Amino acid sequence: MLKNSQNVDTAIDKIVKRLHSQMYDIIFEAVNEEMSKLPYFQEETYFTEEGMNKFEDAWFEFYHEHHGDIMNQLMNKITN
């Protein structure tokens, strides 16, 4: 039996928690960056400024629904 093995396990848990959070943030931002490169996910593709004011909630929902789909697929690939 290793001396201080419980301390090592606790340290590993802390590292995993910190890095998991950082990884999620990095992936989240990377998805935003990639989406911004494509016209499908740029509001200017669909709306004038006046139209954006009128449909802002619908656009927010559209964008974030697809952002969530991409995040889910990436997280599934990472965990499988």
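Select Tyr24 to begin: this residue is partly exposed, with a relative accessible area of 36%. Keep in mind as you go that you are looking at a predicted model.

Now add Phe28 to your selection. At 30% relative accessibility, Phe28 is also classed as partly exposed. Both residues sit in helix 1, and because they are 4 residues apart, about one helical turn separates them. Show their side chains and look at the rings. What is the count of aromatic pairs here? It comes to 9. In the pair of Tyr24 and Phe28, the ring centres lie 6.4 Å apart and the planes meet at 35°, so this pair is tilted; a pair counts as tilted when the angle is neither under 30 degrees nor over 60.

**Next stop: Tyr46 and Trp59**

Select these two rings together. The centres of Tyr46 and Trp59 are 5.7 Å apart, with the planes at 45°, so here too the pair is tilted. Where does each partner lie? Tyr46 is in the loop between helix 1 and helix 2, while Trp59 is in helix 2 (49-79), so the pair ties together parts that are 13 residues apart in sequence.

Is Trp59 buried or exposed? Trp59 is buried, with a relative accessible area of 9%, which falls under the 20% cut-off. Tyr46, in turn, is partly exposed at 44%.

Widen the selection to Phe41, Tyr46, Phe47, Phe55, Trp59, Phe62 and Tyr63. Together they form one aromatic cluster. Colour these residues alike and you can see Tyr46 and Trp59 as members of that cluster.

**A pair of charges**

Now pick Glu34 and Lys37. Side chains of opposite charge can pair when their charged atoms come close. Here the side chains of Lys37 and Glu34 meet in a salt bridge, with 3.0 Å from N to O. How many salt bridges does the structure hold? The count is 1. Check the surface around Glu34 as well: at 44% relative accessibility, Glu34 is partly exposed.

**A nonpolar patch**

Move to Val8, which lies in helix 1 (residues 5-36). With a relative accessibility of 45%, Val8 counts as partly exposed. Add Ile12 and Val16, then switch on the surface display. Val8, Ile12 and Val16 form a nonpolar patch on the surface. Together the three have about 250 Å² of accessible area.

**Two residues to try with the distance tool**

Select His20, which is found in helix 1. His20 is partly exposed, with a relative accessible area of 47%. Draw a distance from the C-alpha atom of His20 to the C-alpha atom of Glu56: the two are separated by 32 Å, and they are 36 residues apart along the chain.

Then go to Leu74 in helix 2. Leu74 has a relative accessible area of 33% and is partly exposed. Which residues does Leu74 touch, leaving aside those up to four places away in sequence? Ile27 and Val31 are its contacts. For another distance, choose Asn7: its C-alpha atom is 32 Å from that of Leu74, and their positions lie 67 residues apart along the chain.

**Zoom out**

Finish with the whole chain in cartoon view. How many helices and strands does the chain have? There are 2 helices and 0 strands. Turn the model around and compare its directions: along its principal axes, the C-alpha trace spans about 70 × 25 × 15 Å. The radius of gyration of the chain is 20 Å, whereas a compact globule of 80 residues would have one near 12 Å.

Colour by burial next. Buried residues make up 12% of the 80 residues in the chain, and Trp59 is one of the buried ones. Show the surface again: the accessible surface of the chain comes to about 7000 Å². Of that area, 56% belongs to carbon and sulfur atoms.

Last of all, think about contacts. Among those between residues at least 6 apart in sequence, 54% join residues at least 24 apart. To see contacts in the model, go back to Leu74 and show Ile27 and Val31 beside it.

Conventions
Residues are numbered from 1 along each chain as its sequence is written. Side-chain values use heavy atoms; hydrogens and water are left out. Patches are made of residues with over 30% relative accessible area and no salt bridge: like charges are joined within 9 Å, nonpolar side chains (Val, Leu, Ile, Met, Phe, Trp, Tyr) within 5 Å. Accessible areas come from the Shrake-Rupley method with a 1.4 Å probe; for residues, only the protein chains shown count as cover. A salt bridge is a side-chain nitrogen of Lys or Arg within 4 Å of a carboxyl oxygen of Asp or Glu. Buried means under 20% relative accessible area, exposed over 50%, partly exposed in between (1.4 Å probe, protein chains only). The radius of gyration is taken over C-alpha atoms; the globule rule is 2.2 Å times the number of residues to the power 0.38. Contact means heavy atoms within 4.5 Å. Rings of Phe, Tyr and Trp (its six-membered ring) pair if their centres lie within 6.5 Å; planes under 30 degrees apart count as stacked, over 60 as edge-to-face and the rest as tilted.
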